[in-house]
Amino acid sequence: MEYIKREFLKILSSAISKKSQDDITVKLDELQNLAIVNKCSSLLCQGAVNSSLYVPKSWKDALMITVINNYKNLEIQKKVLDILGKNNVLCVVMKGITAAVNYPDPMSRALGDIDILIKPSDYDAVLSLFGKASNDNQHKFHYSFMYDGVSVEIHKYIDDYESCINGQKISDIMLNALDEIQYVNFENYKVPCLKKEYQAIVYLSHMLRHFDENELSMRMFCDWISFVKNIDEHNWWTV
């Protein structure tokens, strides 16, 4: 099993670096369960391609489906952001496409929920735009709903500050995060995002929460590593 895990990590590293990994002898089908549990099947497939390994047709088909679903996800994201923009709502996208653009092959990173952060003061008004009400919600810091078949999460906070470690400190740091919105570009599409130092807090807070819930996946580590790799050395200490 340790051998399988080592090969798994080597192929994933190829997806992150786009550098070929030598001496890989495992077959992709042997890694299927690990890939599913860690939510990184498409990344593993891309890593195998980068390392010139044999990729079964079923894996190639799955990668293509991921790409198709990703573009659908982006279309829905544009619609949601357009609604918010027309109503003058300050907002940013967390993780998702803003994480994918850090990879050498962004579309190999499957997009899931569309996570959008807004100011707490706008929360009820934003939910009403989508026919929702905060008192219907089971979460303290976000509201999740389906929009044209895609899961959207409207966040007023990045975490449940009352229950997470150093919650008050994180809350204080994130208080003005939306005052300095930046943008990432993907295929001529500008996506609003947080400054790097705030993004770092989002990634780490997200991993910690899923660690506490025993749901920490390797894809979260891949997102973090890809994020760190793309930070300019002059900005590293700020982050």
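A cavity is a set of grid points where a 1.4 Å probe fits but cannot get out. The exercises below concern a predicted model.

**Exercise 1. The enclosed spaces**

Determine how many cavities of 30 Å³ or more the model holds, and describe the lining of the largest cavity.

*Solution.*
Step 1. By the rule above, the count comes to 3 cavities of 30 Å³ or more.
Step 2. The largest cavity has a volume of about 50 Å³. Its lining consists of V93, M94, K95, T98, L194, Q199, V202 and Y203.
Step 3. Two or more of these lining residues come from each of strand 1 (91–94) and helix 8. Helix 8 gives the largest share, 3 residues.
Step 4. Sorted by class, the lining of the largest cavity has 5 nonpolar, 2 polar and 1 charged residues.

**Exercise 2. The second largest cavity**

State which elements each supply at least two residues of the lining of the second largest cavity.

*Solution.*
Step 1. The volume of the second largest cavity is about 40 Å³.
Step 2. Among the residues that line the second largest cavity are N73, Q77, I97, D113 and D115.
Step 3. The elements that each supply at least two lining residues are helix 4, strand 1, helix 5 (96–100) and strand 2.
Step 4. By class, the lining of the second largest cavity divides into 5 nonpolar, 4 polar and 2 charged residues.

**Exercise 3. The open pockets**

Describe the largest pocket and the second largest pocket by volume, lining and residue class.

*Solution.*
Step 1. For the largest pocket, the volume is about 720 Å³. This pocket is lined by 34 residues, and D113, E153, H206, R209 and H210 lie nearest its centre.
Step 2. Strand 3 (142–147), strand 4 (150–155), helix 8 (196–212) and helix 9 (218–229) each supply at least two residues of the lining of the largest pocket. The largest share, 7 residues, comes from helix 8.
Step 3. The lining of the largest pocket comprises 9 nonpolar, 11 polar and 14 charged residues.
Step 4. For the second largest pocket, the volume is about 240 Å³. Of its 15 lining residues, P120, K156, Y157, M174 and L175 lie nearest the centre. Strand 2 (114–118) and helix 7 (167–174) are the elements that give two or more residues to this lining.
Step 5. The lining of the second largest pocket has 10 nonpolar, 2 polar and 3 charged residues.

**Exercise 4. Strand 4 and its partners**

Explain why strand 4 is described as largely enclosed, and identify how strand 2 and strand 3 pair with strand 4.

*Solution.*
Step 1. A residue is called buried when its relative accessible area is under 20%. In strand 4, 6 of the 6 residues are buried, so the strand is largely enclosed by the rest of the structure.
Step 2. V150, V152 and I154 point one way from strand 4, while S151, E153 and H155 point the other way; all are buried.
Step 3. Strand 2 pairs with strand 4 in the parallel sense over 4 bridges. Within this part of the model, I116 has I154 of strand 4 as its bridge partner.
Step 4. Strand 3 pairs with strand 4 in the antiparallel sense over 6 bridges. Here M146 has S151 of strand 4 as its bridge partner.
Step 5. Strand 3 and strand 4 form a hairpin with 2 residues between them, and D148 in the turn has a positive phi of about 50°.

**Exercise 5. The nonpolar cores**

Identify the residues that touch the most other members of the largest nonpolar core, and list the contacts of I154.

*Solution.*
Step 1. The largest nonpolar core has 29 residues, and L84, I97, I116, I118 and I154 touch the most other members. Helix 4 (residues 57–86) provides the largest share of this core, 5 residues.
Step 2. When residues up to four places away in sequence are not counted, I154 touches I116, I118, Y123, V126, L127, F141, H142, Y143 and F145.
Step 3. Another core, of 22 residues, lies apart from the largest one and includes I4, A15, V26 and W59.

**Exercise 6. The surroundings of I11**

Is I11 buried or exposed, and which residues is I11 in contact with?

*Solution.*
Step 1. I11 lies in helix 1 (residues 2–17).
Step 2. The relative accessible area of I11 is 0%, so I11 is buried.
Step 3. Leaving aside neighbours within four places in sequence, I11 is in contact with I24, V26, L28, L31, L44, G47, A48 and L53.
Step 4. I11 and F227 are 216 residues apart along the chain, and their C-alpha atoms are separated by 18 Å.

Technical notes
Residues numbered from 1 in each chain as written. Predicted model: local features only at pLDDT ≥ 70, side-chain atom pairs only at ≥ 80, totals over all residues. Heavy atoms only, no water. Core = buried A, V, L, I, M, F, W, Y, C linked by side-chain atoms within 4.5 Å. Buried < 20%, exposed > 50% of the residue type's maximum accessible area, 1.4 Å probe, protein only. Contact = heavy atoms within 4.5 Å. 1 Å grid on protein atoms, 1.4 Å probe; cavity = no way out; pocket = protein on both sides within 12 Å on 5 of 7 lines; lining within 4 Å. Points joined across faces, edges and corners; volume = space filled by probe spheres on them. Nonpolar A, V, L, I, M, F, W, Y, C, P; charged D, E, K, R; others polar. Pairing = 2+ DSSP bridges.
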